[in-house]
Amino acid sequence: MAVPAHDSRDYEFATKYNLPIRQVVIPKDDSGCATDKAYTGEGIMINSSSDRSQFDINGLSTAEAAAKVIEWVERTRHGKKKVNYKLRDWLFARQRYWGEPFPVFFLEDTGEAVPVPESDLPVTLPEMDDFTPTGTGEPPLAKSISWVNTTDLLSGKPAKRETNTMPQWAGSCWYYLRFMDPKNSQALVDESKERYWSPVDVYVGGAEHSVLHLLYSRFWHKVLYDIGVVSTREPFKCLINQGMILGEVEYTAFINKKGDLVSADLVDYINEYRQEKVPASNVLKSGEAYVLKNNPSVRINARAHKMSKSRGNVINPDDIVNDYGADSLRLYEMFMGPLRDTKVWSTNGVEGVHRFLGRTWRLIVGYPLSDGSYRETTITTDVEPSHEQLRNLHQCIRKVTEEMEGTRYNTAISAMMEFVNAAYKWETHPRSILENFVLLLSPFAPHIAEELWQRLGHADSLAYEPWPEAEEQYLKDDMIVLPIQINGKTRGKLQLREGSGEDEAFAAVVQDKHFEKYLSGHTVRKRIYVPGRILNIIVQQNK
């Protein structure tokens, strides 16, 4: 490009061969450009005008200047605006046995590639016992001579099949279409079914999918759209990139050459110190920092790393399932934080959600019997639920439904935890209330939910039950918080039912021990009550 003032490699070349370096961009803050390196950032144009063409972009931002240059080039017919795309080659052939066979063979006499007739599709892999490399550079399929050697039915000429295989992208790039019509042996997907189901509502995948499966699927889909197989230009409505789960936090202490501990906030170059891992049991949190429990003056480094075998911080899901159950693992992964965020693994967190599931079980089934087993039924009853119980339930239904639709699973689980906390204070456990709660829990912890559903007296799976719907009449909070003033000074607050009158509010104050010290030995001279807003009690001390 020959812009040595603003390109690192051009700058090195110009410096080496003593070529002139002319600045054409300066920083927006007018701080000037360093003379010992290229300035490669955005900025304001200078030295960028031409007397001959009367073209001037001095003073414009780099973005504005670029747009004006392009406009001038098109207007003067020196060129045309064009968008360039940078694409990588898609290495589609694999030298291995597994994978989709290419439906192609090559005529032996000319080497011409001939597609397999549609009537002979699909081409299936031959049964083989030996998948090891051939030693000749040919793929393992070359060993199946009877499969490789074939005949072109149109010309009658001998031919050889392609022995490379596809990388399984040929199947996974459009599998979502096959889900719509999995048993169709005549077409990729039935036209009416494709129009009914397409496009896919949500695509969930890691950020790496943007240049892998997501990119390939879109490419594949657009080809199918161009030939009329699908009815939509894009295969997916919504993309969600789930965050990565890092390993447990690792604590590191720094030791200097003398063998003394050095506080992490005093370490500039970590390579100058010996690093030693510190067990979590020896660490305390102090404000925003972490310190040694036995020496709080020494800060230590706390960091979570990507899980890898080399670091030894990989969490084996099988171990978690064995210790806590599949539902606890599933629930904890959703409870860790927002779906799209990077999160740090904590085994203590698994224990927390495991306890929640235990509390849910005991809420419905009851505590263990004397022999340690649990009853086959539940402790629920068919009593009519109270207004308060219905309010707790329907607030939970609304919250869980809204948060699930917004993929905020962690806050949906928090709402269920709040419900269980409230339910433990009830004197009765209405079956109708807890059945709906089990339905809310089922997407998050399906195994325990199915077991509870069965114990609640249902023979069929809850998977076919309709999702609970929140009823507006139970969503309104009929309790208010009323500030209480004594002689104009706020002395506390009381929770009252909405619509409570002055006498009811005053009676609640008298019965509350907190206000006893303000009323005892005093005569109430006046009460000022604003419904739902405040109660001010004017008192005079007795003589």
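Here are some short exercises with worked solutions on this predicted model.

**Exercise 1. Which residue pairs are joined by the cis peptide bonds at Pro-122 and Pro-199, and where do these prolines lie?**

Solution. Start with Pro-122: a cis peptide bond joins this residue to Leu-121, with omega about 0 degrees. Pro-122 is placed in the loop between strand E6 (113-115) and helix H3 (145-148). Next, take Pro-199, where the cis bond is shared with Ser-198 and omega is about -10 degrees. Here the loop runs between helix H6 (191-197) and strand E9 (200-205).

**Exercise 2. Find the phi values of Thr-407 and Asn-487, then decide for each residue whether it is buried, partly exposed or exposed.**

Solution. Begin with the backbone: Thr-407 has phi near 55 degrees, a positive value in a residue other than glycine. Phi of Asn-487 is also positive, near 55 degrees. Now place them. Thr-407 sits in the loop between helix H11 (387-405) and helix H12 (409-423), while Asn-487 sits in the loop between strand E19 (479-486) and strand E20 (489-497). Finally, look at accessibility. Thr-407 has a relative accessible area of 13%, so this residue is buried. Asn-487 comes out at 41%, so it counts as partly exposed.

**Exercise 3. How many of the eleven residues of helix H13 are buried, and which helices do those buried residues pack against?**

Solution. Count along H13 (residues 431-441): eight of the eleven are buried, which leaves the helix mostly covered. Among them are Ile-433, Glu-435, Phe-437 and Leu-441. Then follow the contacts outward: the buried residues pack against helix H10 (347-365), H11, H12 and helix H14 (446-455).

**Exercise 4. Classify the ring pair Tyr-97 and Phe-131: stacked, edge-to-face or tilted?**

Solution. The structure has 18 aromatic pairs in total. In this pair the ring centres are 4.7 Å apart and the planes meet at 40 degrees. Stacked needs planes under 30 degrees apart and edge-to-face needs over 60, so a value in between counts as tilted. The Tyr-97 and Phe-131 pair is therefore tilted. As for accessibility, Tyr-97 is buried at 14%, whereas Phe-131 is partly exposed at 41%. For a further look at rings, try the cluster that ring pairs make of Tyr-175, Tyr-176, Phe-179, Tyr-203 and Phe-236.

**Exercise 5. Which arginines sit over the rings of Trp-147 and Tyr-424?**

Solution. Over Trp-147 you will find the charged end of Arg-161, 5.4 Å from the ring centre. Over the face of Tyr-424 lies Arg-359, at 4.3 Å from the ring centre.

**Exercise 6. Describe the salt bridges of Glu-191, Glu-250 and Glu-388.**

Solution. The whole structure holds 18 salt bridges. Take Glu-191 first: its partner is Arg-195, with the closest N and O atoms 3.6 Å apart. Both lie in helix H6, four residues apart, about one turn of the helix. Glu-191 is exposed at 55%, and Arg-195 is exposed at 54%.

Glu-250 meets Lys-277 at 3.7 Å, N to O. This pair links distant parts of the chain, strand E12 (residues 250-255) and strand E14 (residues 274-278). Glu-250 is buried at 11%, but Lys-277 is exposed at 53%.

Last, Glu-388 bridges to Arg-391, the closest N and O atoms being 2.8 Å apart. The two are three residues apart in helix H11, so about one helical turn separates them. Glu-388 is partly exposed at 35%, while Arg-391 is buried at 8%.

Terms used:
Residues are numbered from 1 along each chain as its sequence is written. This is a predicted model: local features need pLDDT of at least 70, side-chain atom pairs count only at pLDDT 80 or more; totals for chains, interfaces and linings use all residues. Side-chain values use heavy atoms; hydrogens and water are left out. Buried means under 20% relative accessible area, exposed over 50%, partly exposed in between (1.4 Å probe, protein chains only). Contact means heavy atoms within 4.5 Å. Rings of Phe, Tyr and Trp (its six-membered ring) pair if their centres lie within 6.5 Å; planes under 30 degrees apart count as stacked, over 60 as edge-to-face and the rest as tilted. A charge sits over a ring if NZ of Lys or CZ of Arg is within 6 Å of the ring centre and within 35 degrees of the ring normal. A salt bridge is a side-chain nitrogen of Lys or Arg within 4 Å of a carboxyl oxygen of Asp or Glu.
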